[in-house]
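Me: Please take a close look at one part of this structure, the end of one helix and the loop that follows, and then relate that part to the rest of the protein.

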Amino acid sequence: MRVFGVDIGGSGIKGAPVDLERGELADERYKVLTPHPATPEAVADCVREVVDHFGWTGPVGATFPGVVTGGTTRTAANVDKRWIGTDAAALLTGRLGGDTGGSPVTLLNDADAAGLAEMQFGAGRGRTGTVIVLTFGTGIGSAVFIDGRLVPNTELGHLELHGHDAEKRASTKAKEDEELNWQQWAHRVQKYLAHVEMLFSPALFVIGGGVSRKAEKFLPLIEGIRAEIVPARLQNDAGIVGAAMAARPSSAAGSTGAAQAAPATGAPPAAGGSPAGNGPGPAARTRPAQGPTPADRAPSAAVDSPVGWPDGRR
């Protein structure tokens, strides 16, 4: 079975049809540069260009580099802040004609998508305990799995380390911007992994993102980490594959053991096939007595940190 996956990143937007029986791209991926500013409307146009390149009209899974709950984007660290509070699943579905018989869109966090793919088809397949998939690129994305079940939207790249967001020091972008050699960058990654290990004690780290293609240049330089550290097998295609897994039609979800589809306004699936526990669906949610929900607030009022958590109590 084939489903289309799109991976929205801070520097590029890429996609392709995915063969969900084998967990690999069914055609060579097509990529466009992320527009600047990366506003919702501008990015939606690019997603449409990627999908139209293949003449695709079926379900589409898409990733987003930030927190996604109920189809709404809640943070925007590496894209335009106007994403915060946007019903992005509905925006993309409308842009692709899903409301008129075109392509319905399922949206989830980019690292969560990559993690789903790695747990089902890649380096995390068959692994139990705590597994953390980290994607290094414009930022650092994270996907945490406990016995194969995804804990969505962890965003561990924003952990504070030595007074900075960790991704500002240890992402691939930081390596390029500061012209660090592999030894220098590996030292920063080692400090970051040690901090994450102290908090979660995982059995396995899976290192993904484009830099995973060059794992031999930096993984041997990382020392002092108890957990096993391996490169992602799907490398930079993991996000596309995981996005497609999330958009798999529910009638076919059980046929291969891949992750069950999540609705465009629901939670991302678990690696083993059942939806991740992320609270009641949209129809079951009620407005809190104390006032409007974060999604009801204007984006300008919602931002209370550089990351963009739409809740002043955080």
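Reply:

**The end of helix 6 and its surroundings**

F200 belongs to helix 6, which spans residues 182–200. The model under discussion is a predicted one. F200 has a relative accessible area of 32%; since this value lies between the 20% and 50% limits, the residue is classed as partly exposed. Together with M198 and L199, F200 makes up a nonpolar patch on the surface. The accessible area of these three residues together is about 290 Å².

S201 is situated in the loop that links helix 6 and strand 15. The relative accessibility of S201 is 57%, so the residue counts as exposed, the threshold for that class being over 50%. The backbone of S201 also merits attention: phi is near 50°, a positive value in a residue that is not glycine. Most residues other than glycine have a negative phi.

A second residue with this feature is Q235, a non-glycine residue with a positive phi of about 50°. Q235 is located in the loop between strand 16 (228–231) and helix 8. With a relative accessible area of 30%, Q235 is partly exposed.

Another backbone feature is found at H36 and P37, which are joined by a cis peptide bond with omega of about 5°. P37 lies in the loop between strand 4 (30–33) and helix 1 (40–53). In general, most peptide bonds are trans.

The interior may be considered next. The largest nonpolar core has 30 residues, and those touching the most other members are V18, F145, V206, V241 and M245. At least two residues of this core come from each of strand 2 (12–19), helix 3 (110–121), strand 10 (130–136), strand 11 (140–146), strand 15 (204–208) and helix 8 (238–246). Strand 15, which follows the loop of S201, is thus one of the contributors to this core. Apart from this core lies another, of 28 residues, including I8, A38, F64 and A76.

V241 offers a view of the packing within the largest core. Neighbours within four places in sequence aside, V241 is in contact with V18, L20, G23, E24, L25, A117, F121 and L234.

For the protein as a whole, 9 helices and 16 strands are present. Of its 314 residues, 55% count as buried. Among contacts with a separation of 6 or more, 62% are between residues 24 or more positions apart. The accessible surface of the protein comes to about 13,400 Å², and carbon and sulfur atoms account for 49% of it.

Notes
Residues are numbered from 1 along each chain as its sequence is written. This is a predicted model: local features need pLDDT of at least 70, side-chain atom pairs count only at pLDDT 80 or more; totals for chains, interfaces and linings use all residues. Side-chain values use heavy atoms; hydrogens and water are left out. A nonpolar core is a set of buried Ala, Val, Leu, Ile, Met, Phe, Trp, Tyr and Cys residues joined through side-chain atoms within 4.5 Å. Buried means under 20% relative accessible area, exposed over 50%, partly exposed in between (1.4 Å probe, protein chains only). Helices (H or I, at least four residues) and strands (E, at least two) are DSSP runs, numbered from the N terminus. Contact means heavy atoms within 4.5 Å. Accessible areas come from the Shrake-Rupley method with a 1.4 Å probe; for residues, only the protein chains shown count as cover. Patches are made of residues with over 30% relative accessible area and no salt bridge: like charges are joined within 9 Å, nonpolar side chains (Val, Leu, Ile, Met, Phe, Trp, Tyr) within 5 Å. A salt bridge is a side-chain nitrogen of Lys or Arg within 4 Å of a carboxyl oxygen of Asp or Glu.
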